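Here are a few short exercises to work through with the model open beside you. Try each task before reading its solution.

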Amino acid sequence: MAETNTFDVIVIGSGISGGWAAKEFCEKGFKTLVLERGFDVQHIKDYPTAYMDPWEFDHHNQVALKVREENPIASRCYAFNEDAIHFFTKDKEQEYVQEKPFDWIRGYHVGGKSLLWARQVQRWSDYDFEGPARDGFAVDWPIRYKDIAPWYSHVEKFIGVSGNRDGNAAMPDGEFLPAFDLNAVEQMIQKKIPQKYPDRQVIAGRCAHITDPQPVHIQQGRTKCQNRTMCQRGCPFGGYFSSNASTLPWAAKTGNLTIRPNSIVESIIYDDQKQKASGVRIIDAETQKTAEYFAKVIFVNASAIATNQILLNSTSSRFPNGLGNDSGLLGKYIAFHNYLGSISATMEGFEDMYYYGRRPTQPIIPNFRNVKKQEMDFLRGYASFFGAYRGRGANSDMQVGAAFKDSLSEVGGWGIGMMMQGETIPKEENHVRLSTDLKDKFGMAQMVFYVGYDDNDQKSMQDFLNQGSEMLEYIGAKNISQHNSKQNPGLDIHEMGGARMGRDPKTSILNQWNQMHLCKNVFVTDGASMTSTGTQNPSLTYMAFTARAANYAMDEMKRGNL
């Protein structure tokens, strides 16, 4: 049978948001083509390291020095080890220009970074959606919490989210499975912190892991999280949410899904006469040949920077500067999460207390800075993740000998680690654009990054270090040490913006439905669509945006408007 090139919907990207677009369209009967830049990965079959023990790896799950030297960017990611290295895009596979240092971490394969993500899922509140307009940065979000809340619920029920109903206004409750337990030290911190700091609540980290499988999860072929904490290898149990374990198989069983791996989207084709997009042009990664595919609606879910690249490269006589870019804002107002600050400490006592096994999440203190009004000398705030743990062996510099070996069978003391996840402020100067002279190996213009920190980020970090240290001192921690990672933007892997949502086509690219103001049958629902970053992990919001936008697009198609 000859390959068809016409579909109802084309989805660019198969990661967290692309998988959701495929699910929503396919289960409603729409023939959907998913274009994935990288290679095919099928659930379970293509997780080659899922059951390997440390001694089965050539380098004991470490990366050879030569590989690190060849990948100075990718190797900075905590998960870039032997067990997951095959899921990372190597540095030379897609070169880019850093006018300011930026670590662009990519995973080009079916499922994308949904196989590699940290699986933390927190809802936004109206304090986040109202923040830009209230505090005078960026543009006003064209939606509020009430608009997205039903879609958060829709997503949470399907993916499986563990957590407690905590009643925190800055981090609304959702549709939760039982939460993971806190250990003894964490429970003590949870109890003590609000006694001195009434505005600060310690909650169990909400994560996309199944703790009590519901019928919808069993229908997906998924089961309970085994607490292996080997998630970056791909989970054969489907214990955590990924496109590969969940949305893509769900879409495939409808018979309406076509996935085309190794398909690098070069541009979106614009029809001047119809005044809308007609399809996409791809480069086959294996043959280097070009091909075109056509559809009524196009969802762009390639990941934030890759989506900006595609849109900027989609030029026509109508849009000489990129699709829908009359305002000239495409690629601008790039933001990310501030991970600069971390704190370590030790905790005396609790020697008779331990905990059982592993856990895929940590407690979190939701943002307490500038929540309801501007209070600090910096804009917005930060969430604080932390965890308490026990080490092994004697606390000394001795690393050899029989005494050291024997000490490894003994439980060590308690330690505490804390890190920030801070909101950065979108600024026009923080941008990406296409190079005018450098191309990648597929002939596409390389991306140029001009994205950096500012004084607001430094003030936010310092406040986290001060407040975090003060809280740790209050609960009795010792040897408190503050750290500035000085890591490059991008290593947070939470880059956002460039095709932001807004109310006015003069100041934004997308409307309240994630629909392009100036090209109505193109939707962007990945990180590129974000107007601001909040202090929450963003993936849940991408999924909710995608489900909401897909259902709106289906309604518009049925009405004949697209």
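A disulfide is a pair of cysteine sulfur atoms within 2.5 Å. Keep that cut-off at hand for the first exercise, and remember that the model is predicted.

**Exercise 1.** Find how many disulfides the whole structure holds, then examine Cys207 and Cys225.

Solution. Step one: a search of the whole structure gives 0 disulfides. Step two: take Cys207, whose closest cysteine sulfur lies in Cys225 at 7.2 Å, so the pair is too far apart for a bond. Step three: turn to Cys225, which is in no disulfide either, as the nearest cysteine sulfur, in Cys231, is 6.2 Å away. Step four: check burial. Cys207 is buried at a relative accessible area of 0%, and Cys225 is buried at 11%.

**Exercise 2.** Work out whether helix H1 is enclosed or open, starting from how many of its 12 residues are buried.

Solution. Step one: locate H1 at residues 16–27; its C-alpha span from first to last is 17 Å, close to the expected 16 Å. Step two: count burial. Of the 12 residues, 11 are buried, so H1 is largely enclosed by the rest of the structure. Among them are Trp20, Lys23, Glu24 and Phe25. Step three: look just past the helix, where Gly29 has a positive phi near 95 degrees.

**Exercise 3.** Which residues have the most contacts inside the largest nonpolar core?

Solution. Step one: this core has 92 residues, and Ile12, Ile268 and Val280 have the most contacts inside it. Step two: helix H4 (residues 145–159) gives the most to this core, 7 residues. Step three: beyond its sequence neighbours within four places, Ile12 is in contact with residues including Leu35, Val265, Phe299 and Ile310.

Methods:
Residues are numbered from 1 along each chain as its sequence is written. This is a predicted model: local features need pLDDT of at least 70, side-chain atom pairs count only at pLDDT 80 or more; totals for chains, interfaces and linings use all residues. Side-chain values use heavy atoms; hydrogens and water are left out. Helices (H or I, at least four residues) and strands (E, at least two) are DSSP runs, numbered from the N terminus. The expected span of a helix is 1.5 Å times one less than its number of residues. Buried means under 20% relative accessible area, exposed over 50%, partly exposed in between (1.4 Å probe, protein chains only). A nonpolar core is a set of buried Ala, Val, Leu, Ile, Met, Phe, Trp, Tyr and Cys residues joined through side-chain atoms within 4.5 Å. Contact means heavy atoms within 4.5 Å.
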